[in-house]
Amino acid sequence: MSETGNAAAESSGTIDYMTDTRPIAEGAAAPGCRKRDPIVIADNVTRRFGGINAVDVEHLEIPRHKITALIGPNGAGKTTLFNLLTGFDTPNSGKWQFEGTDLAGMSSYKVARLGMVRTFQLTKVMGKLTVMENMRLGASEQPGEKLRNALFRGIWGGREKDITDQAEGLLTKFKLDTKRDDYAASLSGGQRKLLEMARALMVRPKLVMLDEPMAGVNPALTQSLLDHIKNLKAEGMTVLFVEHDMHMVRHIADWVVVMAEGKVVAEGPPTEVMKDQAVIDAYLGAHHDVDLGAAGGVEELEEELAADDQSVVGTEDAGMIAPEAIHEGAETLRVGHNGDAGRRTGEARHREPGPGEVRDPASPPAPHSAETEKKVDE
Ligand SMILES: Nc1ncnc2c1ncn2[C@@H]1O[C@H](COP(=O)(O)OP(=O)(O)OP(=O)(O)O)[C@@H](O)[C@H]1O
């Protein structure tokens with residue numbers, strides 16, 4: 001659709017967000033650039049942990065009705081920024097608006113009520129609830145209206161039927177309806193991701209924030225997840241997702257924001273951003289001249305890394321970047337900082353419990369275990 005056609009369609013409320021080709025930024029793409037139609041505007045948001053500036057974002061705008069990927073090496077501050085924007089953490093400084101409403105200091109559930117919702121990995125407790133109970137929990141309106149209310153029928157009075165109907169509709173859409181009475185912990189990695197997304201939609205959000213939607217998802221379910229995310233946009237929602245999976249970023253993001261050491265270091269359309277020297281530097285340290293968005297670039301990087309004694313790559317344990325997987329479109333590329341790890345889907349995404357931490361039974365098990373083999377998605 002032409003730019004004028006889009007403008008006319010927008011004013012008549014019939015815009016097709018999938019074919020809207022109007023520019024996203026007002027001017028040239030650059031860190032902190034202004035957007036034509038921002039849904040979130042953040043200024044001087046900082047969060048320190050001890051001596052670390054986990055987040056130090058001067059200015060950031062998230063474009064409405066677009067899919068924006070937030071990428072960056074491990075420890076760049078992506079999750080912390082998610083937590084701050086959604087009221088799950090408190091910044092040292094800064095303010096931000098969602099659809100013109102100041103959110104600084106607002107509690108997470110109020111932020112969700114306004115229509116800005118983030119997904120969470122299923123916790124241990126949620127794993128012990130059925131799929132339907134999890135959906136009902138997603139609809140809870142106040143902090144007090146939590147587990148108990150989600151579990152016991154009758155408490156929500158008139159809302160009960162609406163909530164159940166809405167949940168049924170979403171479960172059908174996400175092909176989880178046959179699992180409605182199963183415990184969430186029994187779902188495969190991909191089905192859990194679908195449940196997390198479906199649950200977030202119970203509040204009918206305008207902005208959906210997804211934290212590593214592809215983590216732990218078997219390639220067989222990758223396309224379905226990508227389609228679901230694209231559908232959110234088609235239905236008029238804005239999507240912001242954190243992801244290490246370059247394949248996914250390249251294929252579904254309209255816009256990419258790159259963070260490193262707490263700051264936004266690059267922004268732009270995926271094809272442009274992945275050629276950006278600041279991005280390559282942030283991800284790969286000394287390994288320059290590589291286009292992460294191209295399969296050839298991945299091969300080139302792999303050769304460079306193989307020849308570099310400092311880089312742990314090329315053994316089964318370290319994992320290989322798999323260019324053939326990118327051609328197939330099913331597997332994915334994950335690049336850690338300093339080029340330390342390009343790994344296959346489902347292997348690199350698990351964060352094993354650290355010393356003193358207990359594994360969450362609701363989380364997928366460690367890679368390479370027999371249990372992993374059993375728990376793959378259908
Ligand atoms: N609760 C915390 N206490 C202390 N330090 C923290 C805490 N949360 C995050 N950090 C630190 O803040 C920095 C940013 O972490 P964050 O998890 O936001 O990065 P990230 O980009 O999401 O990384 P990843 O891709 O590995 O998830 C890191 O140095 C991290 O160690």
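**Close-up 1. Antiparallel pairing of β9 with β10 in the predicted model.** In this predicted model, β9, which spans residues 255-260, is joined to β10 through five bridges, and the two strands run in the antiparallel sense. Within this pairing, Ala260 has Lys263 of β10 standing opposite.

**Close-up 2. The open sheet and its edges.** The sheet is open and mixed in its pairing, and its six strands follow the order β6-β7-β8-β3-β9-β10. The edges are formed by β6, residues 116-118, and by β10, residues 263-268, each of which pairs on one side only. From one strand to the next, the twist averages 20°.

**Close-up 3. Helix α9 on the sheet.** Helix α9, made up of residues 219-234, packs on the sheet, where it touches β3 (67-71), β7 (207-211) and β8 (238-242). The direction of α9 makes about 145° with that of β8.

**Close-up 4. Strand β3 and its side chains.** Strand β3 is mostly covered, with five of its five residues buried. Ile67, Ala69 and Ile71 point one way from the strand, whereas Thr68 and Leu70 point the other way, and the residues of both groups are buried.

**Close-up 5. The two neighbours of β3.** Strand β3 pairs with β8 in the parallel sense over four bridges, and in this pairing Ala69 stands opposite Phe241 of β8. The pairing of β3 with β9 is likewise parallel and extends over four bridges, with Trp255 of β9 as the bridge partner of Thr68.

Definitions and conventions: Residues are numbered from 1 along each chain as its sequence is written. This is a predicted model: local features need pLDDT of at least 70, side-chain atom pairs count only at pLDDT 80 or more; totals for chains, interfaces and linings use all residues. Two strands pair if DSSP finds at least two bridges between them. Axes are lines fitted to C-alpha atoms, for helices over the stretch in contact, and angles run from 0 to 180 degrees between N-to-C directions. Two residues are in contact if their C-beta atoms, placed from the backbone, lie within 7 Å. A residue is buried if 20 or more other C-beta atoms lie within 10 Å of its own, exposed if 12 or fewer, and partly exposed in between; C-beta atoms are placed from the backbone.
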